[in-house]
Structure formats: C-alpha cells, structure tokens
Amino acid sequence: MITETVDVAIVGGGIIGICAAFKLQEAGRTTLLIDRKGLAEETSRGNAGAFAFSDVIPMANSGVLQKLPKWLSDPLGPLTIRPEYLAQITPWMMRFWRAGWPDRVAASIRAQSALMRVARSEAESLITNAGLEHLIRRDGVLELYESESELRGTAKDDAAKAAEGIEFRHVRGAELAELQPGLSPKIVAGTFIPKWETVQDPYDYALAVAEAATARGASFRKAEVTQLRPQDDGVIIELSDGTAIRAKQVVVAGGAWSKRLTSPLGDDIPLETERGYNTTLPGYSFDLKRQLFFGGHGFVVTPLASGIRVGGAVELGGLKLPPNFKRADAMLTKAARFMPGLATTGGKQWMGFRPSLPDSLPAIGFSRRSRNIVYAFGHGHLGLTQSAGTGKLVANLLTGAAQPIDMSPFSPQRF
Ligand SMILES: Cc1cc2nc3c(=O)[nH]c(=O)nc-3n(C[C@H](O)[C@H](O)[C@H](O)COP(=O)(O)OP(=O)(O)OC[C@H]3O[C@@H](n4cnc5c(N)ncnc54)[C@H](O)[C@@H]3O)c2cc1C
C-alpha cells in the first residue's frame, strides 16, 4: 500500500544522505530522508571529525601494501581481518591489492583530488549558508613519527601533497613541543598541516546540517527500506512494515548497508566495511591542542566538544560479527605511551562501519536499471570530508546540472 508520494527520497540518514538533502533543497527539490535508526545514528555519529581535504592517497598504496604482512600478523594492530571473515573478504582484498599498483594509485589520486576540491568548496558554502561556523575548528593536524626514517617514509605522500598544492611542514624540537606540549620523547618529528579542519563533534554537525535541511523543507521518516522498484515515472520504495512510498527520484545513501538495495537492481558493487573503533574520554583527560595522527599505528586523537576521542584502525569483519573492543583498548594503551599525561579512565567505546570500496573512491552515479535512482556511498575513511561535495554532485545528477568534475572515476559500474 502506497502511503506517501514524494519528490526525492533519500535512503540513509547518515552524513551523506543529510548533505544530499541539504544540497537538493538548495537546488529547489523537496526531500524525504528515510532511516531505520534515526539521523546520524551509525557511522556518521562517532567518527574522528576531520575534514581531511588533503587526504588524497588511496588506502591501497605501496606503503600500506608493504606494511600489510606485519600489520596482519598482529590481531590488535592497525589492520586486521577477522579469521571468520577471511573467505568472504578475499575477493575484495584482491581488488584492494590491484588498486595499489602505481598506475591505479596515480589515477586514484587525480580523481580524489578533484573530488576534494569540490568537497572543500561545497563544505565551505554549506557551513556559511547553514550558519555552522561555530561547529568548526580550524587549527590543523599534527602527524607524529617515532623516528626520522618513519618521517622519510612519507616522502612519496609529501610529493603527492605538494603536487596538489597542499600546505604542510615538518616540525621538530621546540616547534613540535609548542604545537602539542606533553608528548613523549619517543616522538621525534611531525608533519603539521595547518589548513586541516575538524568539527566540534560529528554527531552535532550532522544534526545541525539536518536541521538546516529541514528548515529548507526536508522531512524525515524512521523506516527500513527493503526494496526499490523502478517504474517508468519514478520509483516505489518498499518498507519493512509492508507499506510503500512513491518517489520521483531516489538517492541510495545507505553507507555500508547499501548493497542490499543495489544488488537486486543489477549493480554488483564490491562494497565492504572497514570497521573502526574508538574511545571518547572526558575532555579533561589531556590538554590537547589539535588533532594528532599516529599514522604508523593507525589511530588518531581528536579534541571534540564531547571529549577526547582516541581511535581508528581497520578491522575487516563484515556487518554481522560482534565488536572486539580489545582493539579500542589497544589504541588507548598506545596513545598513553605517546601522551604520558593522558588519563585513560572514564571513556565510552564505539565501533562504526566505514563503507569501503577497494580503490578508496566512492560510488556516485546512476543505477544501471534507472536514471531515477542515484547511488552515493562507499566513502570509506572520508565520508564526513566528502559529504557536502557528494551532496552537490548528487543534486547535479538529479537536476541535470553540469558536473564540475569528470564523474567516470566514481561510476558505480566501474568495477
Ligand atoms: C573510527 C572512524 C573514524 C572516522 N573518521 C573520519 C574522519 O575523521 N573524517 C571523515 O571524513 N570520515 C571519517 N570516517 C568515515 C565516515 O564516518 C564515514 O565515511 C561516513 O560516516 C559514512 O557516511 P554514510 O552516510 O555513507 O553512512 P552512515 O553514517 O553509516 O549512514 C548510513 C545510514 O543508512 C541507514 N540505512 C542503511 N540501509 C538502510 C535501509 N535499507 N533502510 C533505512 N535505512 C538504512 C543506516 O541506518 C545509516 O544510518 C570515520 C569512520 C570511522 C569508523
């Protein structure tokens, strides 16, 4: 039974769906956000809050591929595969490995850089238009190293950053201590990226964007979508309670769960999840000046309005296996080693499901079956960063406006 007819329905109320609603409303469309849990209740709620516009290197690159055997041998290290999930993840890992070959990496950096330019300018415009400047911190990020050779190991990434015009400098001694007092002498150098921004809290930011979209006419419905049925003049959206919604057009922004809706439409997209863990400590736990990134150990420490968040790491374990919070404990222990004054008690643990494609680029484009259905998922480690840009690209697809960048690297059918 069809209970409602809408202009554009967006399946998924994470940061991607929310920003798509905002940008579509700005483009003159009327949107209904649908989510089974609520707004920003999944991955977009507990992430590390970085607008990582300078992060253009794909996860699969020669540095990571070299470290992979060592990382995989440590069950609590920066990257693990849950043994129960090994058989299922193997085809994705093969694609990941291929994506790390130099020709593919170069193409991926070009595409990601183009998307990041759109992401930055659209985020700035969203923040201004929605009046959200008070939710943004503009104090940069400090990447930290335990040895000069670890710093030298970033030479390739530095060259890629420089080629893209991303401002950064290496820091040591007094300058390092000034940027972040209280670090262990184990940390000998850092890279400071001054234009890196973070949000005061990713959950607050997502809800504030949703509120701004609502003020422009968007609405929300809590419901689970079980199937999309394309028609000549729109799409029927089947819900788990047996009712249905008719929409002129649909955006699938279901994060790591999107495949359930896209596979029946004939799109075989290698979407997996890179599960990530963190602990949010009370704000008084450390005098943290800005976001700190411990790349060699795969975790990040972020100052948020809600506290100090320590976490990251990648666990390949699908959507169903229970969390292993020993991973969050392990990152906290490591953080305390590098930040000796860190008080590690009173924290709240969390696990989130990054929606990840093997080449680290999202899928943004029309469904194979219908030009009334647009996909927008697979943003991996960069969903918050690319949310406003993705919203704008989705709005352009649905309104027929020209795109500012070549969309072929993001085609859902590229695999
Ligand atoms: C530890 C960690 C740290 C991170 N740090 C950063 C960072 O600093 N910067 C950054 O840019 N990114 C970061 N990320 C990545 C970022 O959080 C994700 O890329 C982003 O949240 C994905 O947003 P999304 O809207 O696609 O997915 P989600 O936030 O997961 O939202 C998808 C929504 O779709 C809903 N849904 C799915 N299927 C259905 C259905 N059938 N019916 C109804 N609803 C449905 C779900 O309930 C969910 O709410 C981090 C991720 C993790 C795990």
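## A tour from the ligand to its neighbouring helices

Begin by selecting the ligand together with the 33 residues around it, among which Asp-35, Thr-43, Ser-44, Gly-380 and Thr-385 come nearest. Bear in mind throughout that this is a predicted model.

Next, show the backbone atoms of Ala-50 and His-381, since both belong to pairs that involve nitrogen on the ligand: a backbone N or O atom of Ala-50 lies 2.9 Å from a ligand nitrogen atom, and a polar backbone atom of His-381 is likewise 2.9 Å from a nitrogen atom of the ligand. Then move to Gly-383, where a backbone N or O atom lies 3.0 Å from an oxygen atom of the ligand. With these contacts displayed, turn on the surface of the protein, which covers 97% of the 1,000 Å² of accessible area that the ligand has on its own.

Now colour the shell by secondary structure, where the elements that give two or more residues are helix H1, spanning 15-26, and strand E18, spanning 348-356. Of these, E18 supplies the largest share of the shell, with 4 residues. If you recolour the shell by residue class instead, you will find 13 nonpolar, 15 polar and 5 charged residues around the ligand.

From the shell, follow H1 outwards and add helix H8, residues 202-215, which packs with H1 at an angle of about 30°, the two axes being 9 Å apart. Because angles under 35 degrees count as roughly parallel, H1 is roughly parallel to H8. Viewed as a crossing, the pair formed by H1 and H8 is left-handed.

Finally, keep H1 selected and bring in helix H11, residues 387-399, whose axis comes within 7 Å of the axis of H1 and crosses it at roughly 50°. H1 and H11 are therefore oblique to each other, and their crossing is right-handed, whereas that of H1 and H8 is left-handed.

Technical notes:
Residues are numbered from 1 along each chain as its sequence is written. This is a predicted model: local features need pLDDT of at least 70, side-chain atom pairs count only at pLDDT 80 or more; totals for chains, interfaces and linings use all residues. Side-chain values use heavy atoms; hydrogens and water are left out. A residue is near a molecule or strand if one of its heavy atoms lies within 4 Å of it. A polar contact is a pair of N or O atoms within 3.5 Å; within protein, one must be able to donate a hydrogen and the other to accept it, and residues adjacent in sequence count only if both atoms are side-chain atoms. Accessible areas come from the Shrake-Rupley method with a 1.4 Å probe; for residues, only the protein chains shown count as cover. Ala, Val, Leu, Ile, Met, Phe, Trp, Tyr, Cys and Pro count as nonpolar, Asp, Glu, Lys and Arg as charged, and the others, Gly among them, as polar. Axes are lines fitted to C-alpha atoms, for helices over the stretch in contact, and angles run from 0 to 180 degrees between N-to-C directions. Angles under 35 degrees count as roughly parallel, over 145 as roughly antiparallel, 65 to 115 as roughly perpendicular and the rest as oblique. A crossing is left-handed if the near helix is turned anticlockwise from the far one by less than a right angle, and right-handed if clockwise.
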